[in-house]
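Student: I'm new to this structure, and I'd like to look closely at just one part of it. Could you pick a single residue and walk me through its surroundings?

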Amino acid sequence: MRIKNNEVAVFAIGGLHEIGKNMYCVQYQDEIIIMDCGIKFPEDDLLGINYVISDYSYLVKNRKKIKALVVSHGHEDHIGGIPFLLEKIPEIPVYATPFALALIKGKLEEHGILRTTELHEEHENTVLKFKKLSVSFFRTTHSIPDTLGIAVHTPLGAVVFTGDFKFDLTPVMNQPAPDFQKMAQIGNEGVLALLSDSTNAEVSQFTKSESFVAHSLHDIITGIHGRIIFATFASNLYRVSTAIEAAIDTGRKVAIFGRSMENGVQNGIDLGYLNVPEGLIVDSNEINHTPADEAMILCTGSQGEPLAALSRIANGTHRQISLQPGDTVIFSSNPIPGNTLSVNHLINKLMEGGANVIHGRVNNVHTSGHGGQEELKMMVRLAKPKYMIPVHGEYRMQVVHTELAQAAGVLEDHTFVLENGEVVCFGPDGSRIAGHVPAGDVYVDTSGTADVGNVVVHDRQVLSEDGLVVVVATVDYKHKRVLAGPDVLSRGFVYMRESTELISQAQKHIYHIIKSEMDKTDNPKDAVVRKAIVENLSDFLYSKTKRRPMILPMIVEKK
């Protein structure tokens, strides 16, 4: 990739052709501004993987050019990768809104890097000035407090990143409405490129206001008899606030379960977003002795996470709370991509345990934090961009979003459906695709180890689908003899007692493989023999079973 001296380069390290892992960069000469640094939750086939982060190698290589990481809001798909980035490039200054900053501090403390990180609080009127670039912000609304759009001002015009947004004219929790005047002002001053949220590009209507859901939830909660278990994202203070207000109005005590929920509520109280009267929140011992009609449990696990509080309650493995017949569980969220099966399984488990479950848009207990088609077109009209890059969405969403932008006045050849790592350069004479930067997926497993690797994930998939075959043999390479075995052990492939003929055939096949490899040369190599066993036995077993188990040869060599 080569960026000319008079060009502005825009590229995504994550967030394109996917939901999550949002990370967008603007580069001009020797300055880079990073916007957001998120994670993506794994699909079901990524066994043992907790989440997916981006490949930061380009940024590591160009670390001296990075001026700032600016954050639009505090959701995991926008801030979850920050500790991993800072572990590689600790000198990056981070700018974030108050609530996002509180969440980021918690993550950095867990990773042991809070004291070494330069953190700054940003607001809608903050302006960051660097040698050639500057950054300003504008207020939007989303499903989390303190949400901002970001404008990176370059000599060729502003590169505007909307962040996740909708136009909620009646936001809750005393949050201000979107600042249309500021958006229009930035548009009038000249927007070179608009990077806009594509999540709801296929949804035709305006997104319902958070206040609509708040009223609906309040009505539902006040009409419930028995204990209430309320599950939502810990960062969604709007829903948490609604649940707490309803608990106050109905005389219920509230117990909080899940570390992230505890931290989210405490951050909300500390920042003045949550009004929690003294004595409202109680511990597990007191809630267990509170009459059901006077009890509410606020917990994590609305996405079916197996270790979250709600899943453990449903499975009967929670140390403090047991599911009771007559409980009402409210899911105030929708499954994010990849979690639908887990959520459905959890709902079934809760209902089997005798709980009444309320979930989904049909009950008006959730609304999206992302704008529909009319809001997306309005954003284009306000920004009046020369070029349009749909971000934060799967491929089909990005395509639909380009069509919406064209309907709102952007020229067809000025819209770009990019993929992660693809670099578009804007210059005085037009635009061009200037190559790629590394932007692959990096896997983080349950131990917190980053870059588990595609090979490891592939091995886990093979083990889960086709099982394992272990081959054990003792050989004398010097005299070219098989002294013992070969023995074959199967785990997760076939049941050995019912597959004696297949195992016997496999043993004979392996014996001939080993003998053949030893007879080919005067100095047989152990690695060559192992490779031959894996390749030939794999083909043999596939011919018999149409399955390819992982094969682990264990050759003991007599010295």
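Tutor: Let's take one histidine, H73, and look at what surrounds it. Before we start, this is a predicted model, where local features need pLDDT of at least 70 and side-chain atom pairs count only at pLDDT 80 or more, while totals for chains, interfaces and linings use all residues. Residues are numbered from 1 along each chain as its sequence is written, and side-chain values use heavy atoms, with hydrogens and water left out.

So, where is H73? You'll find H73 in the loop between β5 (66-70) and α2 (76-79); helices (H or I, at least four residues) and strands (E, at least two) are DSSP runs, numbered from the N terminus. H73 is buried, at a relative accessible area of 0%, where buried means under 20% relative accessible area, with a 1.4 Å probe and protein chains only.

Now for the company around H73. Setting aside neighbours within four places in sequence, H73 is in contact (heavy atoms within 4.5 Å) with H78, I79, A100, H142, I144, D146, T147 and D164. Take I144 from that list: 71 residues separate I144 from H73 in sequence, yet their C-alpha atoms are 7.5 Å apart in space.

The H73 side chain also has polar contacts, meaning pairs of N or O atoms within 3.5 Å; within protein, one must be able to donate a hydrogen and the other to accept it, and residues adjacent in sequence count only if both atoms are side-chain atoms. One such contact, of 3.4 Å, goes to the side chain of D164. Another, of 3.5 Å, links the side chains of H73 and H75.

Conventions
Buried < 20%, exposed > 50% of the residue type's maximum accessible area, 1.4 Å probe, protein only.
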